[in-house]
There are 4 protein chains.
Amino acid sequence: MSETGWPPNEIKLLLLDVDGTLTDGGLYFTGEGQAMKRFDVHDGLGLVRLQRAGVEVVLISADRSPIIHMRAQKLGIRAVIDGCQDKGQAVRMLLEERELDTSVALYMGDDITDLEAMAEVGHSAAPASAVATVREAADYVTTCEGGHGAVREVCDLIMSRLGEQ
Amino acid sequence: MSETGWPPNEIKLLLLDVDGTLTDGGLYFTGEGQAMKRFDVHDGLGLVRLQRAGVEVVLISADRSPIIHMRAQKLGIRAVIDGCQDKGQAVRMLLEERELDTSVALYMGDDITDLEAMAEVGHSAAPASAVATVREAADYVTTCEGGHGAVREVCDLIMSRLGEQ
Amino acid sequence: MSETGWPPNEIKLLLLDVDGTLTDGGLYFTGEGQAMKRFDVHDGLGLVRLQRAGVEVVLISADRSPIIHMRAQKLGIRAVIDGCQDKGQAVRMLLEERELDTSVALYMGDDITDLEAMAEVGHSAAPASAVATVREAADYVTTCEGGHGAVREVCDLIMSRLGEQ
Amino acid sequence: MSETGWPPNEIKLLLLDVDGTLTDGGLYFTGEGQAMKRFDVHDGLGLVRLQRAGVEVVLISADRSPIIHMRAQKLGIRAVIDGCQDKGQAVRMLLEERELDTSVALYMGDDITDLEAMAEVGHSAAPASAVATVREAADYVTTCEGGHGAVREVCDLIMSRLGEQ
């Protein structure tokens, strides 16, 4: 079990915001619009291992972008909700569809548009780089910043709770 | 109201420098010239919310680049002045056109070419990463650096002053 | 000889992980997939000089990407193993092919998929930015982070041991 | 005059290394090779003002890349030496051609390939992020890192010495 003792439950569903959580919040624009996001290799390995251990991962973003789908595909993540204007509702629907209790779901986000979704699940996390309100609302704040291992940190805690290394 | 008590007035117009203020000052060049700028997702949400609350946002840059227009469009910012060689004059004209008092206008910039514009309005701010002269001249220096939440910090202070959260 | 006294042997083969070791772990995605990795100019010079001094350099990555081959080509590195799912086995085969003793081989990596390869050679290093398990397993942890001079630091130590500056 | 009292002479020629000095040392590679370098807007303004004040700026790089020429063009820098394998010789030739004394020339670089060039001129500077040997050899080490205002810092010191602000 994790040294931190968190999360207290076994997690079956990890819900992740994208910009600022899976990335460092950077939006790279060219003259044609947003061209790139920067993801983290440590986060990627954590998510691949988590899915192999039976935990489903879902990406939920307000941004509508093929970039998110490309990263999801690379990591074997099938469920991606982009262009999402109401993350709270999206999370409620996901839990209903999967007939999962909130106690096995964990949401991680970094800005105020994530607050409602965080309240819909049993466990919430925020990267060290989240805005103050979100850090205060989260059950767990990672040592790492978004796009620099914050998601990996949560993946490892979930794995540790599952008794895997 | 804001804990800092700043800005002391309700702001109706936020004037923003781009490179070093809305970005971290990085200019990404390819063999064809400048290709990208890196913007920040936290800044973006702050600016969207500020406009919804009735504050107009204007981008003023010495750089002439379609990148600035693409970012503005994404954020719903209609007024963009690029290729601007005299930011002081640009600010004076904007205030005249809008028939606004300097007391409701706030300018944020990070380099010496912003100093004159800062002096034309009632309130001025600079990111922590601004050059020393500009930090000294500014009414308020943000904790965050440019391209890493500096603009969001100012947006939140303006919102707080408006009585919004 | 090196001030640190490490590595204790003369090294003839330097085996390097790519993402997080030769880069800062950033994966830049566009709507078409992974488009870029960011390498470091100090690392590059260190690797060019090391090869001139007679040390062979091999890149070993789980990622299958033409980006790795382009960087290798620029640095005159001929041996590149990408899309590698078992780095331990890859290292064993490399040592066999070259008929080299493990005592002249050094592996540098930053994540748990590098652990087995690290155990196959006489000397192992990890960047300061490696995950905790890897930092604990490594013989030497650099002061610099991956993509910010970590590889250069190891190159300079190997050169120093060879009596070159 | 500068508070630091450095440089002690009026400078007429500023010679600049590119990667790690005018950039943070990052080399962005795609599957087609090196695609981008990241420059700094503060450095840019410093170099434009310095040239207006009558100081010539020359870029000297071991890398052969159109990226360097694009950045130079944007800043109005006419003299660019790329693909340079012997920076010491390049500097000697530049001084001869211009019939300038070494006492009015300043070289700024960050790696050991810059050491010979630094020794050819009267004044040398290195960014805080330079390798140790170069920091020790330089007359002046900037507070800022390469690609994050190191060049601007030197520009401002030269300007200050010229009696300009």
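# Getting to know the chains and how they meet

Me: How many residues does the contact take from chain D, and how many from chain B?
Reply: Contact here means heavy atoms within 4.5 Å. On that rule chain D puts in 17 residues, and the number from chain B is 21.

Me: What kind of model am I looking at?
Reply: Residues are numbered from 1 along each chain as its sequence is written, while chains are lettered from A and ligands numbered from 1 in the order in which they are written. Side-chain values use heavy atoms, with hydrogens and water left out; local features need pLDDT of at least 70, side-chain atom pairs count only at pLDDT 80 or more, and totals for chains, interfaces and linings use all residues, for this is a predicted model.

Me: What area do chain D and chain B bury between them?
Reply: Buried area is the accessible area (1.4 Å probe) that two parts lose on being put together, summed over both. Carbon and sulfur atoms hold 61% of it here, and the total is about 1600 Å².

Me: How many salt bridges are there across the interface of chain D and chain B?
Reply: We're looking for a side-chain nitrogen of Lys or Arg within 4 Å of a carboxyl oxygen of Asp or Glu. One such meeting is between the side chains of D:R38 and B:D24, at 3.1 Å from N to O. For the whole interface of these two chains, the count is three.

Me: Which element gives the largest share of the side of chain D that touches chain B?
Reply: Helices (H or I, at least four residues) and strands (E, at least two) are DSSP runs, numbered from the N terminus. β3 (33–40), α1 (41–52) and α2 (66–75) of chain D each give two or more residues to that side. The largest share is six residues, and it comes from β3(D).

Me: Which strand of chain B does β3(D) pair with?
Reply: Two strands pair if DSSP finds at least two bridges between them, and here there are four, in the antiparallel sense. Within this pairing, B:L27 stands opposite D:F39. The partner strand, residues 26–30 of chain B, is β2.

Me: Let's move to chain B and chain A: which residues in chain B lose the most area to chain A?
Reply: These two chains bury about 1600 Å². In chain B, 32% of what that side buries comes from three residues together: B:M36, B:R38 and B:H42.

Me: What residue in chain A does B:K74 meet in a salt bridge?
Reply: Three salt bridges are counted between chain B and chain A. In one of them, the side chain of B:K74 comes to 3.0 Å, N to O, from that of A:D63.

Me: What axis relates chain B to chain A?
Reply: Superposing by least squares on C-alpha atoms of residues with pLDDT of at least 70 in both, a rotation of 90° with 0.0 Å of shift along its axis puts chain B on chain A, at an RMSD of 0.0 Å. That is the relation of a four-fold axis.

Me: Why do the copies meet through different surfaces?
Reply: Take the interface residues of chain B and look for them among those of chain A. The copies meet through different surfaces because the share found in both is only 12%.

Me: Which residue does a cis peptide bond join to A:W6?
Reply: Most peptide bonds are trans. In chain A, a cis one with omega of about 0° follows A:W6 and leads into A:P7. The segment before β1 (13–16) of chain A is home to that proline, A:P7.
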